[in-house]
Each structure stands twice: as C-alpha cells, then as structure tokens.
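Student: Hi! I'm new to this one, so could we go through it together?
Tutor: Happy to, let's have a look.

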Amino acid sequence: SPVRLADITFPQVHRLVARTRLAFIHLDNVLSFAKRDRDGRVDGYLAAYLPDEVVLVFLRKGEAANAATMHTGGRAVITIGEALKRMRAEAERGQLTYCAAPLEQLAWMYQGCAVPLTTRFVDAQRPEALFPVLLEEKVTGVLELIANGRVNYLRLDQGKFKNGYFSDKPDNQP
C-alpha cells in the first residue's frame, strides 16, 4: 500500500488525547479512566502508532473490549494484553491517540482486522467509477476507503449508500 501506517487517521467524534509520544502516556491511567470519571465512559479507540504497525484497542463505555493490529503484511486481531505489551515495548518510538467514536464504527474497524479483506482496484484518475460497479453488483456491506492517509467507512445496502464515518469531517457525520 502506498499509504504509510504512521499517516493513517481514523474517523472520530472527538479526541480525548491528541497524538502524543507513548513515553509521555501512562497507559494504566488511560485504561482506568472510565473507572474514575464519568467522562471516560465513552465508546472509542486507542490507536498506537508503532514503528512497524498500528495497534488498536477498542473501548466500550471506556473499558477495553478488543484489540487489533494493522501492519504492512496485513491485519489481525490480537489480545488486549498483547496490544499493551507491544505499546509498552515501543514507548520511546511510538505515539498514541485516544478518540471517541460511535460503536457502529468501532465494529466496522474491528471487522476490518478480523476477516480477510476483499480488495478492489480504484482508478486514481476516476475514483467515482467504483460506485456504479458496486451498485450494479448490489454490494451489501462496509467499504473501507483509505485516501491520503484518511480512513473512511461507508455502509452499502444493495450497492446504495446508507451511512458512513469520515476522517475529514470533525462532527463525523456523512
């Protein structure tokens, strides 16, 4: 992929912790935030940008629920313990962001790492040509589009757009 993992940004409702070096983050405090403060009981994700991968920890009402990794060789689901181990091992070189996001989006992000992806060619000169094909094929599911490092999710039903989450829209509305 021509997109560098370090440049990827995911949709969010708002940022609780802006992208910061992991060395300055106390992971245990971030993970226990929901136990101490009502403001921490949000659905969201931690995205750790490590030298060779992006580790995602998905939070449900502030509690760690699942974890996954994206790397140049692909994507995979990992345990929360393994995710934290990788973050701690790269505290000096890694960065972390903590973002609130809708639960539906988190499910789509997780699913994108849990199952094999079906890739489609998109002509960079005519990206809009993809959508008539999806409509003709009556595709139902979630489409993940990554452009200029921004990850966007679109839900299609019989090839028609239903809803989505976009990295470049601060209010996260389609």
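**Around the pocket and beyond**

Student: Which helices and strands each supply at least two residues of the lining of the largest pocket?
Tutor: Four strands and two helices do: β4 (63-71), β5 (74-78), β7 (141-147) and β8 (150-157), together with α4 (103-114) and α5 (130-136). Helices (H or I, at least four residues) and strands (E, at least two) are DSSP runs, numbered from the N terminus. A pocket is an open set of points on a 1 Å grid over the protein atoms alone where a 1.4 Å probe fits, with protein on both sides within 12 Å along at least five of seven lines, and a lining residue has an atom within 4 Å of a point.

Student: Which one gives the most to that lining?
Tutor: That's β7, with seven residues in the lining of the largest pocket.

Student: Anything I should know about the model itself?
Tutor: The model is predicted, so local features need pLDDT of at least 70 and side-chain atom pairs 80 or more, while totals for chains, interfaces and linings use all residues. Residues are numbered from 1 along each chain as its sequence is written, and side-chain values use heavy atoms, without hydrogens or water.

Student: New topic: how many aromatic pairs are there?
Tutor: The count comes to three. Rings of Phe, Tyr and Trp (its six-membered ring) pair if their centres lie within 6.5 Å; planes under 30 degrees apart are stacked, over 60 edge-to-face, and the rest tilted. One of the pairs is F10 with Y45: the ring centres are 5.9 Å apart and the planes stand at 75 degrees, so this pair is edge-to-face.

Student: Where do F10 and Y45 lie?
Tutor: F10 is in the segment before β1 (14-21), while Y45 belongs to strand β2 (residues 44-50), so the pair ties together parts that are 35 residues apart in sequence.

Student: Is F10 buried or exposed? And Y45, buried or exposed?
Tutor: F10 is buried, at a relative accessible area of 3%, and Y45 is buried with 1%. The classes are buried under 20% relative accessible area, exposed over 50% and partly exposed in between (1.4 Å probe, protein chains only).

Student: What about the rings of F58 and Y110?
Tutor: They form another edge-to-face pair, because their planes are at 85 degrees, with the centres 6.0 Å apart. F58 comes from strand β3 (residues 53-60) and Y110 from helix α4, so parts that are 52 residues apart in sequence are tied together. F58 is buried, at 4%, whereas Y110 is partly exposed at 23%.

Student: Back to the strands: which way do β8 and β9 pair?
Tutor: β8 pairs with strand β9 (residues 160-165) in the antiparallel sense over five bridges; to count as paired, two strands need at least two DSSP bridges between them. Within that pairing, L154 stands opposite G164 in β9.

Student: What does Q158 do in the hairpin?
Tutor: The hairpin of β8 and β9 has two residues between the strands, and Q158 takes a positive phi near 55 degrees. Most residues other than glycine have a negative phi. Q158 sits in the loop between β8 and β9 and is partly exposed, with 40% relative accessible area.

Student: And what is phi of K61 near?
Tutor: Phi of K61 is near 50 degrees, another positive value in a residue other than glycine. You'll find K61 in the loop between β3 and β4, where K61 is exposed with a relative accessible area of 52%.
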